[in-house]
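This report introduces a protein to a reader who meets it here for the first time. Please look over the sequence and the model below before reading on.

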Amino acid sequence: MAEIIIALDLPGADARRLLDQIPEARWVKVGSILFAEEGPAFVREMAGRGLSVFLDLKWHDIPNTVAGAVRGARALGVQMATIHTLGGSAMMAAAAEAAGPSLGVVGVTVLTSHTPEGYAEAVGRGSVTVLDEVARLAGAAGRAGLRGCVCSPHEVATVRAQLGPEGWVVVPGIRRAGDAAGDQARTAGPREAAQAGATHLVVGRPVLQAQDPRAAFLEMASAAEG
Ligand code: C5P
């Protein structure tokens, strides 16, 4: 059973209208663009609607700064926030400690926009196998005390093996049969992702652009029950 997180990749007013149509929504993702436009007030508003908020700002900075950002998110009433695992073990441990029990900090391993060549160049290595890097970074995230990781649908089993049974495995790129893939290269259905071990499915366009967003959400949620 996985939770559906609606990715609010919309202007604030449109996001509010969408949520008015989906009273069953439980989780929303607020990313960098919406946060830059609407600020913390929007996050408070979502929490005030009774929604759990995934604040996806992907922090990567010195441990003291990331810990401060995590404390800020916690004070805002956020339930999940992202950091980059490439920030290192000390940064991840500082974030995990600052989060306390109410906020789950999850780590991004290898961005899905990276090609193997682009990633190898960024980290100064001759060549890499992306899945090995994902496993290495997910293992480091677990040891540093993070609640879980974000990963592509094809990495769920690898990340689950590193985190053990309790970790959160947060997965975007979710599409039902017949949904347009858009710019997502690696997709999976909601049932398939949940059965592979995902705990949270991040869904944007299949709900945002549906003729009937509530019906699309309910179909996703039902499939994610596994
Ligand atoms: O519209 P779609 O369902 O593709 O939206 C997926 C959401 O997950 C977007 O907000 C996107 O930025 C985010 N995301 C992703 N791939 C990642 C990390 C985050 O698609 N690796």
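## Burial and overall form

In this predicted model, buried residues make up 50% of the 226 residues in the protein. The chain is organised into 11 helices and 8 strands. Its radius of gyration is 17 Å, close to the 17 Å that the globule rule gives for 226 residues, so the protein is as compact as a globular protein of that length. Measured out along its principal axes, the C-alpha trace spans about 45 × 40 × 30 Å.

Contacts across the chain add to this picture: when those with a separation of 6 or more are considered, 65% of them join residues that are 24 or more positions apart.

## Surface and charge

The accessible surface of the protein comes to about 10200 Å², and carbon and sulfur atoms account for 50% of that area. As for charge, the protein carries 20 positive and 23 negative charges, and the mean positions of these two groups lie 4 Å apart.

## Helix α1 and its two sides

Helix α1, which runs over residues 12-21, has Gly12, Ala15, Leu18 and Leu19 as its buried residues. These residues are on the same side of α1, because they cover an arc of only 120° around the axis. On the other side of the helix, by contrast, Arg17 and Asp20 are exposed.

The cover over the buried residues of α1 comes from several elements, which include the strands β1 (3-7) and β2 (27-31) as well as the helices α2 (32-38), α3 (40-48), α10 (205-208) and α11 (213-223).

## Helix α8 and the residue after it

Further along the chain, helix α8 spans residues 156-163, and within it Val156, Thr158, Val159, Arg160 and Leu163 are buried. Arg160 of α8 is thus one of the buried residues, whereas Arg17 of α1 is exposed. Among the elements that cover the buried residues of α8 are the helices α7 and α9 (190-196), together with the strands β6 and β7 (168-171). Just after α8 comes Gly164, which takes a positive phi of about 80°.

## A glycine in a loop

Gly145 is placed in the loop that lies between α7 (130-143) and β6 (148-150). Its relative accessibility is 47%, and Gly145 therefore counts as partly exposed. Gly145 and Arg74 are 71 residues apart along the chain, and their C-alpha atoms are separated by 17 Å.

Key
Residues are numbered from 1 along each chain as its sequence is written. This is a predicted model: local features need pLDDT of at least 70, side-chain atom pairs count only at pLDDT 80 or more; totals for chains, interfaces and linings use all residues. Side-chain values use heavy atoms; hydrogens and water are left out. Buried means under 20% relative accessible area, exposed over 50%, partly exposed in between (1.4 Å probe, protein chains only). Helices (H or I, at least four residues) and strands (E, at least two) are DSSP runs, numbered from the N terminus. The arc is that of the directions from the helix axis to the C-beta atoms. Contact means heavy atoms within 4.5 Å. The radius of gyration is taken over C-alpha atoms; the globule rule is 2.2 Å times the number of residues to the power 0.38. Accessible areas come from the Shrake-Rupley method with a 1.4 Å probe; for residues, only the protein chains shown count as cover. Lys and Arg count as positive and Asp and Glu as negative; His and the chain ends are not counted. The place of a charge is taken as NZ of Lys, CZ of Arg, CG of Asp or CD of Glu.
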